[in-house]
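Let's take a walk through this structure together, going from its enclosed spaces to a few residues worth a closer look. Keep the viewer open as you read.

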Amino acid sequence: MFLSVFDMFKVGIGPSSSHTMGPMVAASRFLASLRASPFHPKGLKASLHGSLAFTGVGHATDRATILGLAGFEPATYDAGKAETALAAIKASHRIAPPGLPELAFDPARDLIFDYDHPLPGHANALILKATDAQGDVILEETYYSIGGGFVVTEAELAAAGGTKSKARADVPYPFDTAAEMLAMAAQSHLTIAQMKRANELKFRSQAEIDAGIARLWDVMNACISKGMEGTGILPGGLKVRRRAKGIHDALIAERGLNQTPPHVINDWMSLYAMAVNEENAAGGQVVTAPTNGAAGVLPAVLRYYLDHVPGASTSKIADFMLTAAAIGGLCKHNASISGAECGCQAEVGSAAAMAAAGFAAVLGGTPEQVENAAEIALEHHLGMTCDPVRGLVQVPCIERNGLGAIKAVSAASLALRGDGQHLVSLDVCIETMRQTGRDMHEKYKETSLGGLAVNVPNC
Ligand code: SF4
């Protein structure tokens, strides 16, 4: 198994990697297929299924799909141009994808929230169609948004299912499990970050890797800074107030006061994570880590390391990110990073495991201690459901990222107090997450049909 650090961490837009970025990516892929086809399309149609239908409005899935069909992509998203394009499409019932003729598309008629027909491949499904002058379908593709902005077609999903456990990546350290990762580290005398870098070098130069990681951290850090300045009410109708700025102002005012209790450091971690997730909820630019909903945990821990830990160095950022990506790859490969698939344990739980591993690594942990840090963080997120109120990535998501960051730091600290030996392995934890997710009732998997979503008054 090889999953690049640049697949795990992708620059995109809020509020959701699976429900916003994924559909936009799917639409972009569909346009590419349409351009390559011999057909002469006259119109487009889209239908959203499963969780994409149930929580699609709250996650802006409809907007993302339409904008994707108009040629917008997450990495280059321009909010101003998007608003202009959306207004034009709604007014004219026409859409103008780059490289294709202008096509008929009435959002009210041609974009369907299909609540009754979930598709068998995955909870997040959408079908895109191109039609001819008579309205007959000339090209159709089913896409599954499988979390973290990853999108597969029906055929790709079937192929991946058949080879997942057998395929060995052609990289120097093709670990599929944490046990293999530790064995390879012991044999090679390399750290997890060094092995991951060696794998990445199969596809990119050293300079490209370092520049790419630096760019990712720049976007993450800018997102924290922007989030700490944001004020007002988040969109979506739940009337959730942005709190990061107020917390930041209060923490700055308290700085240096002798009576500040030690636990206030937790507020800094929460602050950084909440700033990112408030930006995400507002539709701002974030980096999947591993998803948008869980995008605050890892940047919060990294910023905490850089700003608050004595001896911290920016030269360790790459090691942090590479280690975290290795752990995220194991979670994704052997279980899931998707709330719609395995609940929030797969999103914030995986994010906390990744951040804990990265933090332990830059503090000098051995590979065993790093694996232990990830294991502790994930173990204590097991069973956590996904139940966003009104389908918005706000409650419980924003605070949950703050608590995930605190757990990640605590897990790393605890692991570094030990010798790396522990009873529950990371592999056992990841497999437990997979089984728990499989057995979890569908209403706790990003449908907003259970949990807080139905118990919190939201009108
Ligand atoms: S509850 Fe967790 S998994 Fe669900 S949308 Fe929020 S952050 Fe994502």
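**Cavities, a pocket and some backbone details**

Two helices, α9 (192-200) and α14 (317-334), each give at least two residues to the lining of the second largest cavity. Of these, α14 provides the largest share, with three residues. Before going further, please bear in mind that this is a predicted model. The full lining of the second largest cavity is made of Met1, Phe2, Leu3, Tyr173, Phe175, Lys196, Asn199, Ala325, Ala326 and Gly329. Sorted by class, seven of these lining residues are nonpolar, two are polar and one is charged. The space they enclose has a volume of about 60 Å³.

How many cavities of 30 Å³ or more are there? The count is two, so the next stop is the other one, the largest cavity, and here the rule of the search helps: a cavity is a place where a 1.4 Å probe fits but cannot get out. The largest cavity holds about 180 Å³ of space. Helices α2 (17-36) and α18 (397-416) are the elements that contribute two or more residues to its lining. In total 21 residues line the largest cavity, and those nearest its centre are Gly293, Glu347, Cys386, Val393 and Cys397. The lining of the largest cavity splits into nine nonpolar, eight polar and four charged residues.

Where does the ligand sit? You will find the ligand in the largest cavity. Around the ligand are Gly293, Gly339, Cys344, Glu347, Cys386, Asp387, Cys397 and Arg400. If you select this shell in your viewer, you can sort its members into three nonpolar, two polar and three charged residues.

Now for an open space. The second largest pocket has a volume of about 350 Å³. It is lined by 23 residues, and Pro15, Ala60, Arg63, Ala281 and Gly283 are the closest to the centre of this pocket. Helices α2, α4 (61-69) and α5 (79-92) each give two or more residues to the lining of the second largest pocket. Among the elements, α4 gives the most, with three residues. By class, the lining of this pocket has 14 nonpolar, six polar and three charged residues.

Helix α2 has come up twice, in the lining of the largest cavity and in that of the second largest pocket, and one of its residues is Leu34. Is Leu34 buried or exposed? Leu34 counts as buried because its relative accessible area is 1%, and the cut-off for buried is under 20%. Beyond its neighbours within four places in sequence, Leu34 is in contact with Pro41, Leu44, Leu100, Ala130 and Leu139. For a sense of distance, the C-alpha atoms of Leu34 and Val301 are 43 Å apart, with their positions 267 residues apart in sequence.

Phe54 makes a useful companion to Leu34. Phe54 belongs to helix α3 (residues 51-54). With a relative accessibility of 35%, Phe54 is classed as partly exposed, because that class covers values between the 20% limit for buried and the 50% limit for exposed. Residues up to four places away in sequence aside, Phe54 touches Tyr115, Thr447 and Leu449. From Phe54 to Gln134 the C-alpha distance is 31 Å, and the two are 80 residues apart in sequence.

The backbone deserves a look as well. Which peptide bond has omega near 5 degrees? That is the cis bond from Ala289 to Pro290, and Pro290 lies in the loop between β9 (285-287) and α13 (297-308). Another cis peptide bond joins Val395 and Pro396, where omega is about 10 degrees. Pro396 is placed in the loop between α17 (367-379) and α18.

Finally, turn to phi. His189, in the loop between α8 (178-188) and α9, has a positive phi near 60 degrees even though this residue is not glycine. Glu446 also has a positive phi, of about 60 degrees, and is not a glycine; its loop runs between α19 (426-439) and α20 (452-455). What about their surroundings? His189 is exposed, as its relative accessible area is 71%, whereas Glu446 is buried, at 5%.

Definitions and conventions:
Residues are numbered from 1 along each chain as its sequence is written. This is a predicted model: local features need pLDDT of at least 70, side-chain atom pairs count only at pLDDT 80 or more; totals for chains, interfaces and linings use all residues. Side-chain values use heavy atoms; hydrogens and water are left out. On a 1 Å grid over the protein atoms alone, a cavity is a set of points where a 1.4 Å probe fits but cannot get out, and a pocket is an open set with protein on both sides within 12 Å along at least five of seven lines; lining residues have an atom within 4 Å of a point. Grid points are joined across faces, edges and corners, and a volume is the space filled by probe spheres set on the points. Helices (H or I, at least four residues) and strands (E, at least two) are DSSP runs, numbered from the N terminus. Ala, Val, Leu, Ile, Met, Phe, Trp, Tyr, Cys and Pro count as nonpolar, Asp, Glu, Lys and Arg as charged, and the others, Gly among them, as polar. Buried means under 20% relative accessible area, exposed over 50%, partly exposed in between (1.4 Å probe, protein chains only). Contact means heavy atoms within 4.5 Å. A residue is near a molecule or strand if one of its heavy atoms lies within 4 Å of it. A molecule sits in a cavity or pocket if more than half of its atoms lie within 2 Å of its grid points.
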